[in-house]
Structure formats: C-alpha cells, structure tokens
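I opened the file and kept a short log of what I looked up. The entries follow in working order.

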Amino acid sequence: MPTNMISKLLEKAVLPLDAAHDVKTGASRTSVLRNPNMKKLQKGFLFPEIRMKHEAHKKKYPHAKVISLGIGDTTEPIPSVITSAMAEYALALSTPEGYQGYGPEQGQMNLRKAIAEKIYPNMGITESEVFISDGAQCDIARLQMLFGSNVTIAVQDPTFPGYVDNGVIMGQTGKADASGEYAGITYMRCAPENSFFPDLSRVPRTDVIFFCSPNNPTGHAAEEEKI
C-alpha cells in the first residue's frame, strides 16, 4: 500500500468525528476545545519562570553568585540508610521472589504502619489513616477535584503556587487583576507584622482554607497553640 494512502488511513483513524480541515495550511485539527480556565493562568508556573530568569542572569553575568529563592532544593546528601534500603528494594524487584508488581493504591501497608508508629507515636494515628502519595502537588489537585468548582477558597499570602493555579484550572476563581490576584480567592496575608500567621477574623465566609505549616515559601512553622 502506498505511504500516502497509509497516512490518510491513520489520519482518519485517530481524528475524532468532529475534526476539521484547515484549508489554508492543509492540516487537520480537532474542534475539541481545551479548558477555558487555562487562559486565566498568569504567565508560566512560578518555578520555571524563576529558573529561566536565573539562567538568563548567569549567562549575562557568568561569575555572579546567585542565591535562588525559587524551588526549594536540597543541599545535603540522602542518608545512606535510606539509599541502601531503596537500592535493596529495587534490586529485589529484578528477581522472581522479590517482584511485587503494582502496590496498594494507598501505599505499602508495612510502610504506612512504620510511619504511624515512628512519626506519630502516642497520637492515636493508625496505619489506616496514612496515605502514601506521589507528592503534594498531585494531592492539592486531587483535593480541588474533590471539592469541585462551586466553592470559595482562601490561601496564605505568600503561598505555594499550586493552591492557586489548581483552583484557577478547576474554575473556582474569576480573572486575575493587575496585581495578579484572582477574583474568588481570599488571600490571607502572612508577614513579619503578624508573625506569618493569618488573621482569620478578617477572612470572609469561605468554604475551604488552605493552610500549610511549615509554610512554603516562608518556612514559618505555626505554634501548636495557634493551630
């Protein structure tokens, strides 16, 4: 079968029924629209923006010493007790005896049990209450999906951008103003003058308050009494 005929068959196979043909370019495109809330997002994600500015500055001033206030990176090596255990576990997966396939969706029970006993002793926390996830970024998005679009949210200011961006994508906000703040989000100021703890008495009626301690990016940990 000629190559051009195969291409046409594949094109028909992968494009949806409502696909349109661009007469000017000759290319086919789908008429499926993307989430309109994506247009509300301001610029790019914060950390790539900082990285690009960092790289541009280093290119212009190659000998400059830069303290990056972008994504929190680690500076110390991982303890060998952790890396050796990870290596041993990974190596076991290459053997018939050690291979386990997909694990439980909430995490390995022995790991959850160890976390409950070692990190939360005498607090009444059991392994059934521990969830092993693939990171806070995904968990924030899952929470937003759980609550849906018809909720109002409040976030710390400053805050990890994932709380705001996921709320925007979910349709929980209006458009951003000139300062970059979104309608529909209550920004709880956390600064030295209030010991980095929001004044909740000034927060209007809100469905969901996202509070992170230690805070990202300030690093401030709230006292137990305040929490």
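**Entry 1: helix 6.** I started with the buried residues of helix 6, which are Pro-161, Gly-162, Tyr-163, Val-164, Asp-165, Asn-166, Gly-167 and Val-168. That is 8 of its 10 residues, so I noted helix 6 as mostly covered, burial being set at under 20% relative accessible area. I keep in mind that this is a predicted model. Just after helix 6 I found Gly-171 with a positive phi of about 90°.

**Entry 2: what helix 6 packs on.** Next I looked up the sheet. It is open, has 3 strands in the order 4-3-5, and its pairing is parallel. The edges are strand 4 (185-189) and strand 5 (208-210), each pairing on one side only. I read an average turn of 25° between neighbouring strands, direction ignored. Helix 6 (residues 161-170) packs on this sheet and touches strand 3, strand 4 and strand 5. Its direction makes about 150° with that of strand 3.

I then checked the pairings one by one. Strand 3 (residues 153-157) and strand 5 run parallel and are joined by 3 bridges. In that pairing, Ile-153 stands opposite Val-208. Strand 3 also pairs with strand 4 in the parallel sense, over 5 bridges. There I found Gln-156 opposite Met-188. As a reminder to myself, strands of a sheet pair through backbone hydrogen bonds, either parallel or antiparallel.

Which hand does the unit made by strand 3, helix 6 and strand 4 have? I logged it as a right-handed β-α-β unit.

**Entry 3: aromatic rings.** I listed the aromatic pairs and got 3 in the structure. For Tyr-163 and Phe-210, the ring centres are 5.1 Å apart and the planes are at 40°. Planes under 30 degrees apart would count as stacked and over 60 as edge-to-face, so this pair is tilted. Tyr-163 sits in helix 6 and Phe-210 in strand 5, 47 residues apart, and I noted that the pair links distant parts of the chain.

Are these two rings' residues buried or exposed? Tyr-163 has 12% relative accessibility and counts as buried. Phe-210 is buried too, at 7%. I also found Phe-160 joined to Tyr-163 and Phe-210 in a cluster through ring pairs.

**Entry 4: Pro-158 and the cis bonds.** I moved to the loop between strand 3 and helix 6, where Pro-158 is found. The peptide bond from Asp-157 to Pro-158 is cis, with omega near 10°. I recall that most peptide bonds are trans. Pro-158 has a relative accessible area of 25%, so I marked it partly exposed.

What does Pro-158 touch, leaving out residues up to four places away in sequence? I listed Arg-189, Cys-190, Asn-215, Asn-216, Pro-217 and Thr-218. For Asn-215, I looked up the C-alpha separation from Pro-158: 8.7 Å, with their positions 57 residues apart along the chain.

One of these contacts, Pro-217, brought me to another cis bond. The peptide bond from Asn-216 to Pro-217 is cis, with omega near 25°. Pro-217 lies in the segment after strand 5.

**Entry 5: positive phi outside glycine.** I searched for residues with a positive phi that are not glycine. Asn-122 has one, about 60°. Its place is the loop between helix 4 (109-119) and helix 5 (136-147). At 83% relative accessibility, Asn-122 counts as exposed. Ser-195 has a positive phi of about 55°. I placed Ser-195 in the loop between strand 4 and strand 5. Its relative accessibility is 37%, so it counts as partly exposed.

**Entry 6: the chain as a whole.** I finished with totals. How many helices and strands are there in the chain? I counted 6 helices and 5 strands. From the N terminus on, the elements run α-β-β-α-α-α-α-β-α-β-β. Of the 227 residues, 19% are buried. The accessible surface comes to about 17,300 Å², and 60% of that belongs to carbon and sulfur atoms. Among contacts between residues at least 6 apart in sequence, 46% join residues at least 24 apart.

Technical notes
Residues numbered from 1 in each chain as written. Predicted model: local features only at pLDDT ≥ 70, side-chain atom pairs only at ≥ 80, totals over all residues. Heavy atoms only, no water. Pairing = 2+ DSSP bridges. Helix = DSSP H or I, 4+ residues; strand = E, 2+ residues; numbered from the N terminus. Axes fitted to C-alpha atoms, helices over the stretch in contact; angles between N-to-C directions. Contact = heavy atoms within 4.5 Å. Right-handed = clockwise from strand over helix to strand, strands pointing away. Buried < 20%, exposed > 50% of the residue type's maximum accessible area, 1.4 Å probe, protein only. Areas by Shrake-Rupley, 256 points an atom, 1.4 Å probe, with all protein chains shown as cover. Phe/Tyr/Trp six-rings, centres within 6.5 Å; stacked < 30°, edge-to-face > 60°.
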